[in-house]
Amino acid sequence: MVNRLVPYVPGEQPKIDNLVKLNTNENPYPPSPRVIAAIQAAAQQGLQLYPDPEATALRQAIAAQHGLAAQHVFLGNGSDEVLAHAFFAFFQHDCPLLMPDISYSFYKVYCGLYGIPVETVPLRADLSLDVAAYARADGAAVAGVVIANPNAPTGVGLPLRQVEQLLRLHPQRVVLVDEAYVDFGGESAMPLIAQYPNLLVVHTLSKSRSLAGLRVGFACGQAHLITALERVKNSFNSYPLDRLAIAGGVAAFEDQAYFEQTRRAVMSSREGLVLALEDMGFQVLPSQANFVFARHPQHDAAGIAAALRARGVLVRHFKLPRIEQFLRISIGTPAQCDALLQALDSVLAGLA
Ligand code: PMP
């Protein structure tokens, strides 16, 4: 069994200094100073004790942020862990889980781990999601639906109205909407939770809250879904969030001004980067995320990625059908974006 698993391969985390690292969609800005202070205070106090297994303080902070109650919030060690528990809890049926053919590649890895059959649904030619293609007119059973919105690695967003159509197509099955990147301009499905018992919305503090290193993710949904997730979690690890993560997470939600400031800075850099890339001849998909997905009609994407790497700039290239001519470029600080553009200038000049 173990030998048949195909594990997820995360983006490179090189141990080399001075790289311009635009390959794993981290936030280029550090977390709020209040987060650092809260973690330092928590480190001084009580690390000899186990953390609160329910992480109630953080669940309350998240619930307040989204106009929900704490019983609508489930926490995990990064949203990857939340997703893993959700796949285990909701998608193990004798019929396939529907997901886009191009999406976050970890979804298929969880399916492999839990033996969940997958049916991929092709994105349209422009890599937008076609909701109608998720209908099963023949009444064929499905285990559920998982999408990322905005999608990864494309950055393309799905309007809320269409998420709602998806929820209506399979009312008896969980529709998991992974909103890892939603704070960079997407439309969140959180307001639909009260109305749709089959909706599970997954978020992370890794991107818009600059806390990829702390490992905090969460899911929101009606109480019956959260109870199911807790059963799985408490059959696996009672304490997925340590004391530092709980304290830092709470402080992150207390500093809304910092959150607004940094996410707006990322979005504004994105708009500038898109224009500059288009000037260089790239086609850039419309992005609602902290990265862009771009291709150059004249130059091979793998070649550009390798040449950029040689100049100390990391971007992500996926050698996968339909997207192997694209590069995924995370949005950096203005200085990092400039360094990328300068390196690209010289790479393209060398390839011309
Ligand atoms: N969902 C998507 C779409 C992602 O791109 C990522 C980041 N790789 C995650 C979930 C997981 O993020 P984390 O585990 O850091 O919360």
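I began with the ligand's shell, and its residues divide into four nonpolar, four polar and four charged. Here Ala, Val, Leu, Ile, Met, Phe, Trp, Tyr, Cys and Pro count as nonpolar, Asp, Glu, Lys and Arg as charged, and the others, Gly among them, as polar.

A note to myself on the source: this is a predicted model, where local features need pLDDT of at least 70 and side-chain atom pairs count only at pLDDT 80 or more, while totals for chains, interfaces and linings use all residues. Residues are numbered from 1 along each chain as its sequence is written, and side-chain values use heavy atoms, with hydrogens and water left out.

**Who is around the ligand**

I listed the residues near the ligand (a heavy atom within 4 Å of it), and they include G78, D80, Y104, D178, T204, K207 and R215.

**Polar contacts**

Next I looked up N or O pairs within 3.5 Å. The side chain of T204 has an N or O atom 2.5 Å from a ligand oxygen. For R215, the side-chain N or O atom is 2.7 Å from an oxygen of the ligand. Y104 places a side-chain N or O atom 3.2 Å from a ligand nitrogen.

How much of the ligand's accessible area does the protein cover? I found 91% of the 400 Å² that the ligand has on its own (Shrake-Rupley method, 1.4 Å probe).

**Aromatic rings**

I searched the whole structure and got 13 aromatic pairs, meaning Phe, Tyr or Trp (six-membered ring) centres within 6.5 Å. Y104 and Y107 are edge-to-face (planes over 60 degrees apart), because their planes stand at 90 degrees, with centres 5.4 Å apart. Y104 is buried (under 20% relative accessible area, 1.4 Å probe, protein chains only) at 19%, and Y107 is buried at 0%. F106 and Y110 are stacked (planes under 30 degrees apart), at 4.4 Å between centres and 5 degrees between planes.

How values were computed:
A polar contact is a pair of N or O atoms within 3.5 Å; within protein, one must be able to donate a hydrogen and the other to accept it, and residues adjacent in sequence count only if both atoms are side-chain atoms. Buried means under 20% relative accessible area, exposed over 50%, partly exposed in between (1.4 Å probe, protein chains only).
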